Amino acid sequence: MESLPFSDEAPAITVDIGRHRLRIHRSTLRRLDNPMFVRILVNPSDKGIVVEKCTESTAGSYRLMQSNARKHSMEVYSSSLVDEISDCAGFDRYRTVKLLGLQIWGQSAVFFRLASDSTSVCAS
């Protein structure tokens, strides 16, 4: 059996609504082949988030630090992005939520379903 280039951990993100922070876990970055840039798309009608590998010229891209991208998670601080996620899912204002995702095969992207019953890491 061929070994996979990433851990068997499920891709994950954590949304910290009170701090306006979205953490993209290392397991997600590995599924995207440790990209230099990612784009985060929120789809209110499907109640989902897609994190996808992209290029520097892609609108709305976030640059990853090269040294950290292979070893650590990445944090994005954005009031507008986190507020959009919170509004879409109906999360409480001070909640921190961990979402598990599914890789979209054939694309360098991971999908995360937003649901108000998602795993709560901690709540204030």
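Reader: What makes Glu52 buried in this model?

Author: In this predicted model, Glu52 has a relative accessible area of 14%, and because buried means under 20%, Glu52 is classed as buried.

Reader: Why is Arg39, in turn, called partly exposed?

Author: The relative accessible area of Arg39 is 24%, and since the partly exposed class lies between the limits of 20% and 50%, Arg39 is counted as partly exposed.

Reader: How do you know that the side chains of Arg39 and Glu52 meet in a salt bridge?

Author: The N to O distance for Arg39 and Glu52 is 2.4 Å, and as the definition asks for a side-chain nitrogen of Lys or Arg within 4 Å of a carboxyl oxygen of Asp or Glu, the pair qualifies as a salt bridge. This pair links distant parts of the chain, with Arg39 in strand β3 (residues 37–43) and Glu52 in strand β4 (residues 48–54), 13 residues apart.

Reader: What makes Arg23 and Glu75 a salt bridge, and which parts does the pair tie together?

Author: The closest N and O atoms of Arg23 and Glu75 are 2.5 Å apart, which satisfies the requirement of within 4 Å. Arg23 belongs to strand β2 (residues 21–24) and Glu75 to strand β6 (residues 74–77), so the pair ties together parts that are 52 residues apart in sequence.

Reader: Why is Glu75 called partly exposed?

Author: Glu75 has a relative accessible area of 34%, which falls between 20% and 50%, and therefore the term partly exposed applies.

Reader: Which residues are linked with Arg23 and Glu75 in a network of salt bridges?

Author: Asp16, Arg19 and Arg21 are linked with them in that network.

Notes
Residues are numbered from 1 along each chain as its sequence is written. This is a predicted model: local features need pLDDT of at least 70, side-chain atom pairs count only at pLDDT 80 or more; totals for chains, interfaces and linings use all residues. Side-chain values use heavy atoms; hydrogens and water are left out. Helices (H or I, at least four residues) and strands (E, at least two) are DSSP runs, numbered from the N terminus. Buried means under 20% relative accessible area, exposed over 50%, partly exposed in between (1.4 Å probe, protein chains only).
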